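Colleague: Please take a close look at one part of this model, the pairing of charged side chains, and relate it to the surroundings. A connected account would be preferable to a list.

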Amino acid sequence: MNRRAFLTALGTAAAGLAAPGTAATVLARDAKPETEPLATLYDLSKCVGCGACVAACREAHAGAYPEPRKPFPEMSPARVKAEDFSDARDVDDRLTPYNWLFIQSATVAKDGRPLTVHIPRRCMHCVHPPCAELCPWGAAAKYPDGAVRIDTDICLGGAKCRSVCPWQIPQRQTGVGLYLDLLPRYAGNGVMYKCDRCKDRAAKGLEPACIEACPQGAQTIGPRSRIVAAARELARQTGGSIYGETDNGGTNTLYVSPVPLADLDAALAKGPGRPGLARTADVMGEQANLAGAVLLAPVAGVVAGALKLYARAKGRGAKEDGHDHA
């Protein structure tokens, strides 16, 4: 498999996309949901920061974690640096390609006394996800169940998803993915990883592993309208604050905090892999981004189709050769 094979796949995908109805097949975000998308509610007054959800997430996704090929290709321009967490797989105090969920804690004042609030942090699964709408490869998509997922088989690691995410959630691992077989110096820099809300478990009708493992019942998943109603009622009863109902145009991850969100955000230790809780405008509501998404969608669809064909052919080739070309 080589770049010529990819270009052939690109032509095949472009021809297929021209056929009526094919675009919806290529772009999962265009699928029409048969049921209402699901959302998750976190009652932060119940979270004790035990880390059971983090451990469950790691166990559920251990088989999906990247195994990079070293040494890494030199990138061009030289300012593009490798991002490698393969020797820091045990890091669990931030988001990494090997840690899709972590507990973020902050101590704030409530009723004149210090209160430590623990926040399970992972992808917000936006209602209008800029990562999906602006991914040039068509690798990120919003699915009918409300989850936003990255197809790691076709992601080239360009990190557009991270740059447009208000919380910079996706994390990159260099040395894995299709970019190694295409243009390793120029096309991407690995693969982006983040919470997929346990797609394999969801396909079996199971709850996400983190929710099932929570001993405090701090997490609830259900149709978004019901989750929003529950969040509003909880906030009314406790005098709490809701995050995610309208932030970035609304998300499918909602928090109810027992303290004002501004106080909580100010107390958080923020940085790479450690997002904040500041109020966030709708990224896709901005005219330039909306126009860009409209123009990009057909191109991303063609590229996604080509990458899928290439990845499928590559997989067949690996099986025939009896080697792992990943």
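Modeller: A residue is termed buried under 20% relative accessible area, exposed over 50% and partly exposed in between, using a 1.4 Å probe and protein chains only. This is a predicted model, in which local features need pLDDT of at least 70 and side-chain atom pairs count only at pLDDT 80 or more, while totals for chains, interfaces and linings use all residues. Residues are numbered from 1 along each chain as its sequence is written, and side-chain values use heavy atoms, with hydrogens and water left out.

The protein chain has 10 helices and 10 strands, taken as DSSP runs numbered from the N terminus (helices: H or I, at least four residues; strands: E, at least two). Of its 326 residues, 49% are buried.

A salt bridge is counted when a side-chain nitrogen of Lys or Arg lies within 4 Å of a carboxyl oxygen of Asp or Glu; the count is 12. One of them joins Glu212 to Arg201, with 3.0 Å between the closest N and O atoms. Because Glu212 belongs to helix H7 (residues 209-213) and Arg201 to helix H6 (residues 199-203), this pair ties together parts 11 residues apart in sequence. The two partners differ in accessibility: Glu212 is exposed at 52%, whereas Arg201 is buried at 18%.

Helix H8 contributes to another pair. The side chains of Arg232 and Glu245 meet at 2.4 Å, N to O. Arg232 lies in helix H8 (residues 224-238) and Glu245 in the loop between S9 and S10, so the salt bridge connects parts 13 residues apart in sequence. Glu245 is partly exposed, its relative accessible area being 21%.

The two strands that flank this loop also pair with each other: S9 and strand S10 (residues 253-257) run antiparallel over 3 bridges, where pairing requires at least two DSSP bridges between the strands. Ser241 stands opposite Ser257 in S10. Both strands belong to an open sheet of 4 strands with the order S8-S1-S10-S9 and mixed pairing. Its edges are strand S8 (219-223) and strand S9 (241-243), each pairing on one side only.

A further salt bridge lies within helix H8, where Arg236 and Glu233 approach to 2.6 Å between the closest N and O atoms. These residues are 3 apart in the helix and therefore separated by about one helical turn. Arg236 is exposed at 59%, while Glu233 is partly exposed at 32%.

Elsewhere, salt bridges with shared partners join Lys70, Asp84 and Asp87 into one network. Asp84 is also among the residues that Phe72 touches, together with Ala82, Gln173, Thr174 and Gly175, residues up to four places away in sequence being left out; contact here means heavy atoms within 4.5 Å. Phe72 sits in the loop between helix H3 (52-61) and strand S2 (102-110) and is partly exposed at 22%. From Phe72 to Val176 the C-alpha distance is 9.2 Å, although 104 residues separate them in sequence.

As for covalent links between cysteines, the structure holds 0 disulfides, a disulfide being a pair of cysteine sulfur atoms within 2.5 Å. Cys198 is in none, and the nearest cysteine sulfur, that of Cys210, is 6.1 Å away. Cys198 is buried at 8% relative accessible area.
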